[in-house]
Amino acid sequence: MLQTTFTAPKALADTLLALTETHPEITLDVGEIVPNHRPEYATHFTYTLWLPAGLEAVAQAAANQPLSFQAVDETIDYVAQTKALFPPLQIGPYFIARNEEPTPPGLIGLTIAPNRAFGSGEHATTTGCLLGYEWLLAQGHQYAHALDFGAGSGVLAIAAAKRQSTQALALDNDAPSVEICVENAALNGVAAQMTSQLAETPPEGQTFPLIFANILLHPLLELAEPLVRCLADTPGAALILSGFTVEQGPELAARYEALGLKRQWQHAHAGWLAEVWQRG
């Protein structure tokens, strides 16, 4: 048995999944990259393939790049190794189980298995968004409805659904991510509170008192007007933005201030920012 690990655009995931269907003897693992000051990596995944000897050319053709193969050490417990690579996380009151670990008493359990949808919890932007949400709740705000734009795995929408029984609309422009979001909602017992849909832009004609948009700087700038139009004009209504670096913060701030919003809270970690914006 051989193994190869490489980094490639997220769009390759569908090709590699199709490869495992054509060749069931090939196993695929997709890992989210945690970039430090490398926002371009948010468009890539780390792919690992396990395959029998003789299928190297097939894997290389699917990956469309040179690959290096190593013999798998059969003495290694790869299940235990995977669990060690993706330990559970605690962010504020949330316990994010990536390998079905039991939730400690007093915490809100979120089961989000590492997958090819962005957001299994370890990225600094996910942490920032959850902490920003908790900051809003500490101000006494209640949110019956929410929009998670660029939802990925759905971790933010699921957190709101479990925290306040919020009805959440989760949108993403990646069809497999939408499917994974649906699966995660069911896994966390909040399928009835979440709607997951494929979308390139925020919904027209709908408003939400709470909006998560953990994407990247360019789409946050490009979609600033429709995102702000989706923000309800009600007390406590808030837009939680992340996916941009500390260096990109001033450019983002100028765009949203020009649309009448005011930054109320900010969190910086590992070079990434998360911010809460409300109407001035």
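Here is a short exchange about the rings and one sheet of a predicted model.

Modeller: Before we start, this model is predicted, so local features need pLDDT of at least 70, side-chain atom pairs count only at pLDDT 80 or more, and totals for chains, interfaces and linings use all residues. Residues are numbered from 1 along each chain as its sequence is written, and side-chain values use heavy atoms, with hydrogens and water left out.

Biologist: Thanks! How many aromatic pairs are there?

Modeller: Rings of Phe, Tyr and Trp (its six-membered ring) pair if their centres lie within 6.5 Å; planes under 30 degrees apart are stacked, over 60 edge-to-face, and the rest tilted. By that rule the count is four.

Biologist: Which class of aromatic pair do Phe45 and Tyr47 form?

Modeller: Their centres are 6.2 Å apart. The planes meet at 85°, making the pair edge-to-face.

Biologist: Is Tyr47 buried or exposed?

Modeller: Buried means under 20% relative accessible area, exposed over 50%, and partly exposed in between (1.4 Å probe, protein chains only). Because its relative accessibility is 0%, Tyr47 counts as buried.

Biologist: Now the open sheet of seven strands: which are its edge strands?

Modeller: Strands (E, at least two residues) are DSSP runs numbered from the N terminus, and two of them pair if DSSP finds at least two bridges between them. The order is E10-E9-E8-E11-E12-E14-E13, with mixed pairing. Pairing on one side only marks the edge strands, E10 (194-198) and E13 (261-269).

Biologist: And which residue in E11 stands opposite Phe149?

Modeller: Strands E8 (residues 145-149) and E11 (residues 210-214) run parallel, joined by four bridges. Opposite Phe149 in E11 stands Ala213.
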